[in-house]
Amino acid sequence: RAFGARVGESPLECLSRVRVERAAELLAAGTDKVADIAFRARRVLGMNVTVIDLRARDIAYVRKKGDIMAVRPAWDALLAWAAEKGLGGPGVDFIGMADDPTLVPAEDCRFYACATLPDGFAREPGPVEYDRLEGGPHAVYEFYDRPDRIIFAYGLVIQDWMPESGYEQDPGRPCFEINLNDPASDPEGKSQLRICVPVRPAAPG
C-alpha cells in the first residue's frame, strides 16, 4: 500500500509496465541477436493473438529477490502452500511476473510466483501475500519457446501486432503470464505460456 501511495500503482503493476516497456525498447533499438531476430520473424509470420475479456482474479503469491532465472524456490514454496490449501486443477491458474534484468541489478530483481484463488477464499496469514489482478480485455499470445525469449514475445505483441489491431496497451492494468507447463519437465526445457497484455480500444488518430 505504501508503494502504491508513492507511485500510483502496485508493485505487480510497476514491474509488468517496466518489463513491457523494456521489451519494446530492445526491439526498437535493433539490439536483437541473430537468433532472436529469427525468433521474431518466425513468430510474426505465424502470430496468433486473440483479444479475450478476462475476469478479475484474486491471487496469492510468493516473492523472490535475486536471479530471476533461478525461481524454483518461489514456485516450490507456492506449490507446497497451494497443495496444503487444496488449490490445483481446473479453475486455478499459476502465474509468473518478474522484473526486467536488463534494467534492475540481478541481486535486486523480483519474481512473483502467483496462484489464482477461488471466490470466497479465506486469506490467512502464512508464507504467501495477496493481491488482485484486474480483469477486462487482454491480448493473449500463446508462447512456447525458451524462457529467455519471453521478453521478445512481449515486444511482438506490442510492436508487431498491436499497431494494426485497433487496440493499445492499457497502462492501468498489469501484464502477466499464465504457466501451462513446467519447463523443468519439458523435453527441450521450453516454457508454455499464455502471455496476457491488457488492452483498450486505440485512441482515434
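## Close-up views of a predicted model

**View 1. K65 and D108 in a salt bridge.** K65 is an exposed residue, with a relative accessible area of 58%, and it counts as exposed because that value is over the 50% cut-off. The structure shown here, and in every view that follows, is a predicted model. The partner, D108, is partly exposed, at a relative accessible area of 33%. Look for the closest N and O atoms of K65 and D108, which are 3.8 Å apart. K65 sits in strand β2 (residues 57-65) while D108 belongs to the loop between β3 (94-98) and β4 (110-116), so this salt bridge ties together parts that lie 43 residues apart in sequence. For wider context, 16 salt bridges turn up when the whole structure is searched.

**View 2. The salt bridge between E142 and R194.** Here the two side chains meet with an N to O distance of 2.8 Å. Since E142 is part of strand β6 and R194 part of strand β9, the pair ties together parts 52 residues apart in sequence. Are these two residues buried, exposed or partly exposed? E142 counts as partly exposed, with 39% relative accessibility. R194 is also partly exposed, its relative accessible area being 34%.

**View 3. A salt-bridge network of E168, D170, R173 and R200.** Start with R200 and E168, whose side chains meet in a salt bridge of 2.8 Å, N to O. This pair links distant parts of the chain, with R200 in strand β9 and E168 in strand β7 (residues 167-169), 32 residues apart. R200 is partly exposed at a relative accessible area of 34%, and E168 is partly exposed at 24%. From there, salt bridges with shared partners bring E168, D170, R173 and R200 together into one network. Within this network, R173 is found in the loop between β7 and β8. With 8% relative accessibility, R173 counts as buried, because buried means under 20% relative accessible area. R173 also has a neighbour to look for in this view: its C-alpha atom is separated by 7.9 Å from that of L133, although the two residues are 40 residues apart along the chain.

**View 4. D186, a buried residue with no salt bridge.** D186 lies in the loop between β8 and β9. Which side chain of opposite charge is nearest to D186? It is K190, at 6.6 Å, and the pair is not a salt bridge because the cut-off is a side-chain nitrogen within 4 Å of a carboxyl oxygen. D186 does have a polar partner, though: its side chain makes a polar contact of 2.8 Å with the side chain of Y144.

**View 5. The second largest pocket and its lining.** The pocket holds about 220 Å³ of space. It is lined by 15 residues, and those closest to its centre are L54, R57, D93, F176 and I178. Four strands each give two or more residues to the lining: β1 (49-54), β6 (136-145), β8 (176-179) and β9 (191-201). What classes of residue make up this lining? There are 8 nonpolar, 2 polar and 5 charged residues.

**View 6. Contacts across the sequence at Y130 and A70.** Y130 is placed in strand β5 (residues 129-133) and counts as partly exposed at 22% relative accessibility. Its C-alpha atom is 5.7 Å in space from that of I59, and the two residues are 71 residues apart in sequence. A70, in turn, lies in the loop between β2 and α4 (72-84). A70 is partly exposed, with a relative accessible area of 36%. From A70 to F111 the C-alpha to C-alpha distance is 9.5 Å, with their positions 41 residues apart in sequence.

**View 7. Overview to place the close-ups: 5 helices and 9 strands.** To find your way from one view to the next, follow the elements from the N terminus on, in the order α-α-α-β-β-α-β-β-β-β-α-β-β-β. The protein has 205 residues, and 42% of them are buried. R173, in View 3, counts as buried, and so does D186, in View 4.

Technical notes
Residues numbered from 1 in each chain as written. Predicted model: local features only at pLDDT ≥ 70, side-chain atom pairs only at ≥ 80, totals over all residues. Heavy atoms only, no water. 1 Å grid on protein atoms, 1.4 Å probe; cavity = no way out; pocket = protein on both sides within 12 Å on 5 of 7 lines; lining within 4 Å. Points joined across faces, edges and corners; volume = space filled by probe spheres on them. Nonpolar A, V, L, I, M, F, W, Y, C, P; charged D, E, K, R; others polar. Buried < 20%, exposed > 50% of the residue type's maximum accessible area, 1.4 Å probe, protein only. Lys, Arg positive; Asp, Glu negative; His and termini not counted. Polar contact = N/O pair within 3.5 Å; in protein donor to acceptor, adjacent residues only side chain to side chain.
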